[in-house]
Amino acid sequence: MSTDDIDDSAAPLIEHLSELRNRLIWSVVAFLVGMMICFTVWNPIFNFLTQPICNALAERGQNCGLFLIKVQEGFFVAVRIAVLGGFALSFPFIAFQLWRFVAPGLYRQEKGALLPFLISSPIMFFLGAAFAYYIVLPIAFSFFLSFQQGGFEPGTVDSARNELASIGFQGSVEEYLSLTMKFVAAFGICFQLPVLLTLLGKAGIVSSAGLASVRKYAIVVILMVAALVTPPDMMSQLILFAAIYPLYEVSIFLIRRIEKKREAKLRAEGLWVDDEDDESEGPENK
């Protein structure tokens, strides 16, 4: 290879690296802008996130109060909310930059296959986060608060206060935010299961028959994941399992539809070979 050929092959690489740098810079700028916006309104965002615990406390006749255990705790909570909120705000722009960088190197069919998954992924994450916030968190906090006793329970008489040690909730702001975000992130990520499996089915890496044949193993894996990503209480784990396993069955249904469309297309082109016909042809007939 001559020097001119090497220079010509190096030029496109430099152009791609330059484009990647520019898109990364714009993505970082978008994230920083979103982070600064969320930092200015971190208090309303936190108030919104405290609604599940406040509602659970109100049902027990208790005031909703969280405390700053450490002096710097309030600042770090504001920074964490700003980081998470900034990423959420800037994600559509970051995904668009990623798509613009990758799309020129894809064929038309690949673009048509990948784009729906880029759109459905944040939608499924939002659905999982909403499911955790509106359904799972109220149930979980109601369960956790049921272990209070003594003067913290409504309708408790003075004699019971003398006989029982008072056990009540005095939550840390940082601890509460960490627990809430763990729930939201866990359900948001787990709701990506049909997106991931359908994409693998579209690429031909997995099949509906293969997924259906390993259902019993999938149940065990989902239970293990639920135990890892949720707090150590059986109720949260069962709720996560009850939400994720139907998505596994939905994935099998979606992949089966993709396989039927692929088979119909190949049959129309005369390229489809039935497995039974292929097996009936012995070595001597081929």
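**View 1. Helix α11 has the span that its residue count leads us to expect.** At 1.5 Å a residue, the 35 residues of α11 should span 51 Å, and the C-alpha atoms at the two ends of α11 are indeed 51 Å apart, so expectation and model agree. Please keep in mind that this is a predicted model. Just past the end of α11 you will find Gly270, which takes a positive phi of about 75°.

**View 2. A positive patch sits on the surface, and helix α11 gives the most to it.** Five names to look for here are Lys202, Arg257, Lys261, Arg262 and Lys265, which together form the patch. Helix α11, covering residues 234-268, supplies 4 residues. One residue worth a closer look is Arg257, found in helix α11. With a relative accessible area of 42%, Arg257 is partly exposed.

**View 3. A salt bridge joins helix α11 to helix α10.** Glu249 pairs with Arg215 here, and their closest N and O atoms are 2.7 Å apart. Because Glu249 lies in helix α11 and Arg215 in helix α10 (residues 215-229), the pair ties together parts that are 34 residues apart in sequence. Both partners are partly exposed: Glu249 has a relative accessible area of 24%, and Arg215 has 29%. This is one of the 3 salt bridges in the structure.

**View 4. Glu174 and Lys70 meet in a salt bridge.** The N to O distance between these side chains is 3.6 Å. The pair links distant parts of the chain, 104 residues apart: Glu174 belongs to helix α7 (residues 173-190), while Lys70 is in the loop between β1 (66-67) and α4 (73-102). Glu174 is partly exposed at 21% relative accessible area, and Lys70 also counts as partly exposed, at 42%.

**View 5. Within helix α1, Arg23 and Glu19 are about one helical turn apart.** Their salt bridge brings the closest N and O atoms to 3.2 Å. The two residues are 4 positions apart in helix α1, which is why about one helical turn separates them. Take a look at how each partner is covered. Arg23 has a relative accessible area of 18%, so Arg23 is buried, whereas Glu19, at 25%, is partly exposed.

**View 6. Val29 of helix α1 is shown together with Ser90.** Helix α1 runs over residues 3-40 and includes Val29. Along the chain, Val29 and Ser90 are 61 residues apart, yet 9.1 Å separates their C-alpha atoms. Val29 counts as partly exposed, at 38% relative accessibility.

How values were computed:
Residues numbered from 1 in each chain as written. Predicted model: local features only at pLDDT ≥ 70, side-chain atom pairs only at ≥ 80, totals over all residues. Heavy atoms only, no water. Patch = residues over 30% accessible without salt bridge, like charges linked within 9 Å, V, L, I, M, F, W, Y side chains within 5 Å. Areas by Shrake-Rupley, 256 points an atom, 1.4 Å probe, with all protein chains shown as cover. Salt bridge = Lys/Arg side-chain N within 4 Å of Asp/Glu carboxyl O. Lys, Arg positive; Asp, Glu negative; His and termini not counted. Charge placed at Lys NZ, Arg CZ, Asp CG, Glu CD. Buried < 20%, exposed > 50% of the residue type's maximum accessible area, 1.4 Å probe, protein only. Expected span 1.5 Å × (residues − 1).
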